[in-house]
Amino acid sequence: MNQIKSLHLIPKDLFFKITLLKSMTYCGVLWGLYHQQGWAMMSDHEDFIFPFWLNSAQAHNYAQLHWPDYTPRKITPKDFQESLLPTLTRLKVTPALCNSSSRKFKLTTQQMRHFFFSESLQHA
């Protein structure tokens, strides 16, 4: 029988990603920031980004600091599949899950579909 001789801690960024992916699988609902003219988007040095959150409180806190004219809006699986996904794909915008400390985890639109909505869409 093999024995474990030593354990190594996983890097914080990997732990963050694993935790988020685990949460996303059970979520089924996302929150974005919306204003009369549309959804909030941002850019970094590489991509245009569509930020989203797993709960309305985190989205609200971010909006208060960065986009006071925006309010959290729920994104249902149907909204995502029928409206948001085609738009993000067409505009080549990268979805990014944000957390309360403003860290971003970029995903492809296909990863979004898989992790957030694949099971939800089957039950809809």
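**Helices, cores and strands: a conversation**

Colleague: At the start of H2, a side-chain oxygen of which residue reaches to the backbone nitrogen of Ala57?

Modeller: This is a predicted model, and helix H2 covers residues 56-66. The backbone nitrogen to look for is that of Ala57, at the start of H2. A side-chain oxygen comes to within 3.2 Å of this nitrogen, and the residue that provides the oxygen is Asn55.

Colleague: Where do the buried residues of H2 fall when seen down its axis?

Modeller: Let's pick them out: Ala59, Tyr62 and Ala63 are buried in H2. Looking along the axis, we find them within an arc of 100°, so the buried residues of H2 line one face of the helix.

Colleague: Which residues are exposed on the other side of H2?

Modeller: We have just placed Ala59, Tyr62 and Ala63 as buried. Now turn to the other side of the helix, where the exposed residues are Gln64 and Leu65.

Colleague: Which strands are included in what covers the buried residues of H2?

Modeller: The residues to be covered are Ala59, Tyr62 and Ala63. Their cover includes three stretches of chain, residues 30-35, 42-43 and 71-75. In order, these stretches are strands E1, E3 and E5.

Colleague: Which element gives the most to the largest nonpolar core?

Modeller: As background, nonpolar side chains in soluble globular proteins tend to be buried together. Here the largest nonpolar core has 13 residues, and Phe50, Phe52, Ile75, Phe80, Leu84 and Met112 have the most contacts inside it. Two elements, strand E4 (48-52) and helix H3 (77-91), give two or more residues each to this core. With four residues, the one that gives the most is H3.

Colleague: How many residues are in the second, separate core?

Modeller: Start from its members, which include Trp31, Met42, Trp53 and Trp67. This core is separate from the one that holds Phe50 and Phe80. Its residues number twelve.

Colleague: Is Leu30 buried or exposed?

Modeller: Leu30 is found in strand E1. Its C-alpha is 9.0 Å from that of Phe80, although the two are 50 residues apart in sequence. The cut-off for buried is under 20% relative accessible area. Leu30 has a relative accessibility of 1%, so it counts as buried.

Colleague: Which strands stand at the edges of the open sheet, each with a single partner strand?

Modeller: Four strands form this sheet, with mixed pairing, in the order E3-E4-E6-E7. An edge strand has a single partner, so one side of it is left without a neighbour in the sheet. That describes E3 and E7.

Colleague: In which sense do E4 and E6 pair?

Modeller: Find E4 and E6 beside each other in the sheet order. One place to look is Pro51, which stands opposite Ala96 in E6. E4 and E6 are joined over four bridges, and the sense of their pairing is parallel.

Colleague: How far apart are the C-alpha atoms of Arg73 and Gly32?

Modeller: Arg73 is found in strand E5, and its contacts beyond four places in sequence are Leu30, Trp31, Gly32, Tyr34 and Trp39. Gly32 is 41 residues away along the chain. In space, the C-alpha atoms of Arg73 and Gly32 are separated by 5.4 Å.

Colleague: What is the angle between the planes of Tyr34 and Trp39?

Modeller: The structure holds five aromatic pairs, and Tyr34 with Trp39 is one of them. Tyr34 is partly exposed at 23% relative accessibility, and Trp39 is partly exposed too, at 26%. Their ring centres are 5.0 Å apart in an edge-to-face pair, with the planes at 80°.

Colleague: Why is the pair of Trp53 and Tyr62 tilted?

Modeller: Both Trp53 and Tyr62 are buried, and they belong to one aromatic cluster with Trp67 and Tyr70. Their ring centres are 5.3 Å apart. Planes under 30 degrees apart count as stacked and those over 60 as edge-to-face, with the rest tilted. The pair is tilted because its planes are at 45°.

Colleague: Which residue has a positive phi although it is not a glycine?

Modeller: Look in the loop between H3 and E6. The residue there is exposed, with a relative accessible area of 70%. Its phi is about 55°, and its name is Lys92.

Notes
Residues are numbered from 1 along each chain as its sequence is written. Side-chain values use heavy atoms; hydrogens and water are left out. Buried means under 20% relative accessible area, exposed over 50%, partly exposed in between (1.4 Å probe, protein chains only). The arc is that of the directions from the helix axis to the C-beta atoms. Contact means heavy atoms within 4.5 Å. A polar contact is a pair of N or O atoms within 3.5 Å; within protein, one must be able to donate a hydrogen and the other to accept it, and residues adjacent in sequence count only if both atoms are side-chain atoms. A nonpolar core is a set of buried Ala, Val, Leu, Ile, Met, Phe, Trp, Tyr and Cys residues joined through side-chain atoms within 4.5 Å. Two strands pair if DSSP finds at least two bridges between them. Rings of Phe, Tyr and Trp (its six-membered ring) pair if their centres lie within 6.5 Å; planes under 30 degrees apart count as stacked, over 60 as edge-to-face and the rest as tilted.
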